[in-house]
Amino acid sequence: MNIERVELQHLQMPLKFRFETSFGSTTLKDFLLVSVYGDGEVGYGESVAMPDPFYNEETTETVWYMLEKFLIPRLLANPVETPEEVARLFAPIRRNNMAKSALEGAVWDLSCKQKGISLAKALGGSRSVIDVGISIGIEPTVEEVLEKVGQYLDEGYKKIKVKIKPGFDVQLIRGIRERFGDQVPLMADANSAYTLDQIDIMKELDQYGLIMIEQPLAHDDIIDHAQLQAVLSTPICLDESIHTAEDARKAIELKSCGIINIKIGRVGGLTEAKRIHDLCQAQNIPVWCGGMVESGVGRAHNVAITSLQNFTIPGDTAAASRYWDEDIVEPGIELIAPGQLAVPDGPGIGYKVNQQAVGKYVLRSANFRP
Ligand SMILES: O=C(O)CCC(=O)c1ccccc1C(=O)O
Ligand SMILES: [Mg+2]
């Protein structure tokens with residue numbers, strides 16, 4: 001592949017609402033856009049790291065640093081023929097998965113555009129339409145979450161995920177079941193807010209027929225999760241604990257979870273995401289695509305990977321208009337039917353980046369050449 005230039009841009013986009021989790025809250029999307037130029041085409045990737053290291057250890061600034069000092073120079077100094085080779089080229093660098101993923105994803109998009117095939121097809125995806133769910137943040141009151149649940153059910157979302165934290169958990173789930181019934185496909189995400197000392201809360205949550213409980217225990221744990229899974233009938237889903245296919249293999253072997261949330265950024269890119277998908281498929285572990293409140297570029301990557309066969313549970317990739325007044329891609333990533341997004345079949349991610357919109361949100365940029 002011919003790579004002539006890499007551009008890094010730091011953007012800030014206002015969110016339409018406050019998004020709160022057990023680890024923090026935000027009204028501004030702060031992220032990096034990566035553009036890789038070659039042979040008249042441009043590939044795009046997005047860093048999903050947050051400005052603060054509370055979801056994982058990376059931040060917008062550490063990603064910029066890793067890209068500038070290590071990853072971009074490595075890519076520009078070593079010819080690669082396929083995006084999978086980029087993953088191999090980055091492997092000696094430990095972790096920094098969101099930094100790797102942003103650049104690897106841009107190379108995947110560029111490679112697909114150079115070949116004239118869609119990213120979904122290149123990854124082995126088979127769906128042309130995907131079912132999607134929605135992730136609802138913590139609100140000041142249970143009632144405010146219930147209102148949002150009603151609104152998103154009306155829009156047809158196929159899975160309702162609510163964020164929980166100690167003191168905002170059982171009464172919330174009970175409230176949703178009482179108002180909307182037992183048939184609502186419902187799950188809870190704790191973002192590591194509990195320990196085994198609070199096992200009684202988990203046992204109470206176990207009574208509500210949840211599709212899964214996501215990452216209840218520590219971000220770096222798979223042992224306590226196995227102990228918890230042994231006493232719950234609700235499947236545990238791991239998010240924060242899984243960074244590689246090896247992590248997934250070990251968690252499955254230990255029975256730490258029954259479901260895995262695949263986030264492309266968290267696992268270092270599309271190549272590793274596909275590897276985890278394939279491993280889980282062989283082990284009969286369903287997967288779904290998590291979200292990191294992505295702009296249109298990251299959202300398009302999520303849509304593409306979700307077209308793979310073992311993404312059998314609706315993910316968190318909701319319609320862009322839920323998040324943004326003006327996104328950076330065109331056409332807007334919107335529901336084509338209740339709770340469904342189309343998988344584009346145009347080259348690469350299948351959406352155009354709107355440079356005028358990027359211009360509104362960009363704070364700084366830098367260019368790198370071989
Ligand atoms: O709407 C989305 O993009 C999903 C939001 C979400 O749940 C989330 C957002 C930021 C950080 C972590 C998580 C998570 O899945 O744990
Ligand atoms: Mg999560």
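How far does a polar side-chain atom of asparagine 191 lie from an oxygen atom of ligand 1? Select both and look: the separation is 2.7 Å. Keep in mind that this is a predicted model.

**Stop 1: ligand 1**

Keep ligand 1 selected and bring up its surroundings. There are 18 residues around the ligand, and Ser135, Lys161, Asn191, Val293 and Tyr323 come nearest. Pick serine 135. An N or O atom in its side chain is 2.9 Å from an oxygen atom of ligand 1. Now go to methionine 292 and show its backbone. Here a backbone N or O atom lies 3.4 Å from an oxygen atom of the ligand. Try a surface next. Ligand 1 taken alone exposes 390 Å², and the protein buries 100% of that.

**Stop 2: lysine 163**

Which residues does the UniProt annotation "active site" cover? The unreviewed entry gives Lys163 and Lys263.

Start with lysine 163. Find it in strand S6, which spans residues 160-163. Lysine 163 counts as buried because its relative accessibility is 6%, and the cut-off for buried is under 20%. Display its side chain together with that of aspartate 189. The two make a polar contact of 2.7 Å. Then expand the selection to contacts, leaving out residues up to four places away in sequence. Lysine 163 touches Phe19, Glu20 and Thr21, among others. The list also includes Ser135, Ile136, Gly137 and Ile138. Two residues from the ligand stop turn up here: Ser135 and Asn191 are among the contacts of lysine 163, and both are among the residues that come nearest to ligand 1.

**Stop 3: lysine 263**

Move to the other annotated residue. Lysine 263 lies in a loop, with strand S10 (259-262) before it and helix H10 (270-282) after it. Is lysine 263 buried or exposed? It counts as buried, because its relative accessibility is 6%. Select tyrosine 55 as well. A polar contact of 3.2 Å joins the side chains of tyrosine 55 and lysine 263. Beyond its neighbours within four places in sequence, lysine 263 is in contact with Tyr55, Asp239, Gly290, Gly291 and Met292. Met292 is familiar from the first stop, where its backbone lies 3.4 Å from a ligand oxygen atom.

**Stop 4: the annotated domain**

Finally, colour residues 142-235. The unreviewed UniProt entry annotates this stretch as "domain: Mandelate racemase/muconate lactonizing enzyme C-terminal". Turn on the cartoon: the stretch is 43% helix and 11% strand. Pick the C-alpha atoms at its two ends. They are 24 Å apart.

Terms used
Residues are numbered from 1 along each chain as its sequence is written. Chains are lettered from A and ligands numbered from 1 in the order in which they are written. This is a predicted model: local features need pLDDT of at least 70, side-chain atom pairs count only at pLDDT 80 or more; totals for chains, interfaces and linings use all residues. Side-chain values use heavy atoms; hydrogens and water are left out. UniProt positions are given in the numbering used here, feature names are shortened, and annotations may be inferred rather than shown by experiment. Helices (H or I, at least four residues) and strands (E, at least two) are DSSP runs, numbered from the N terminus. Buried means under 20% relative accessible area, exposed over 50%, partly exposed in between (1.4 Å probe, protein chains only). Contact means heavy atoms within 4.5 Å. A polar contact is a pair of N or O atoms within 3.5 Å; within protein, one must be able to donate a hydrogen and the other to accept it, and residues adjacent in sequence count only if both atoms are side-chain atoms. A residue is near a molecule or strand if one of its heavy atoms lies within 4 Å of it. Accessible areas come from the Shrake-Rupley method with a 1.4 Å probe; for residues, only the protein chains shown count as cover.
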